[in-house]
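Q: I would like to learn how to read the fold of a small set of strands and helices. Could you walk me through it?

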Amino acid sequence: MGTRVAVMAVIAQSCDSAEQINSILHEYSEYIIGRMGVPYRDRSMNIISVALDAPQDKINSLAGRIGRLDGVTAKTLYSAS
C-alpha cells in the first residue's frame, strides 16, 4: 500500500487533553515526519501541527482518534500526489 503526505492541524481547547493527544501521536510515531505545538495562553488552548507520511487509512485513523477527544478538533490536508 502506498503512502500519502499530509498535514494534520489539531486544536485542543484545554490543556487537559495534552496527555491523551501525545499518547495517540506516540502510537503513530513511525509515520510522523515532524510536529510542532504552540500553546496559545491568551485563549487557554494548544495548536498542534503534525506532518505525516503514511497510508491514508492510518492518517484517517489518527485524525479520527484525536478528533473524538473532548474539546479537540483535528483536520487533515493531503498532498496532491
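A: Gladly! Helices (H or I, at least four residues) and strands (E, at least two) are DSSP runs, numbered from the N terminus. This is a predicted model, in which local features need pLDDT of at least 70, side-chain atom pairs count only at pLDDT 80 or more, and totals for chains, interfaces and linings use all residues. Residues are numbered from 1 along each chain as its sequence is written, and side-chain values use heavy atoms, with hydrogens and water left out.

Q: In what order do the four strands form the open sheet?
A: In general, strands of a sheet pair through backbone hydrogen bonds, either parallel or antiparallel. Two strands count as paired if DSSP finds at least two bridges between them. Here the order is β2-β3-β1-β4, with antiparallel pairing. The edges are β2 and β4 (72-78), each of which pairs on one side only. From one strand to the next, the twist averages 15°.

Q: How many bridges join β1 to β3?
A: Nine, and the two run antiparallel. Val5, for example, stands opposite Asp53 in β3. Strand β1 (residues 4-12) is also joined to β4, by seven bridges; Ala9 has Lys75 in β4 as its bridge partner.

Q: What do β2 and β3 form, and how many residues lie between them?
A: They form a hairpin with four residues between them, and Ser44 in the turn has a positive phi of about 50°. Eight bridges hold this antiparallel pair, and Gly37 has Ile48 in β3 as its bridge partner.

Q: Which strands does helix α1 lie across?
A: Two conventions help: contact means heavy atoms within 4.5 Å, while axes are lines fitted to C-alpha atoms, for helices over the stretch in contact, with angles from 0 to 180 degrees between N-to-C directions. Helix α1 (residues 18-27) lies across β1, β2, β3 (45-54) and β4, at about 170° to β2. Helix α2 (residues 56-67) lies across β1, β3 and β4, at about 160° to β4.

Q: Which residues form the nonpolar patch on the surface?
A: A patch takes residues with over 30% relative accessible area and no salt bridge (a side-chain nitrogen of Lys or Arg within 4 Å of a carboxyl oxygen of Asp or Glu). Like charges are joined within 9 Å, nonpolar side chains (Val, Leu, Ile, Met, Phe, Trp, Tyr) within 5 Å. Areas come from the Shrake-Rupley method with a 1.4 Å probe; for residues, only the protein chains shown count as cover. Here Ile11, Met36, Val38, Tyr40 and Ile47 form the patch, with about 410 Å² of accessible area together. Strand β2 (residues 32-40) gives the most, with three residues.
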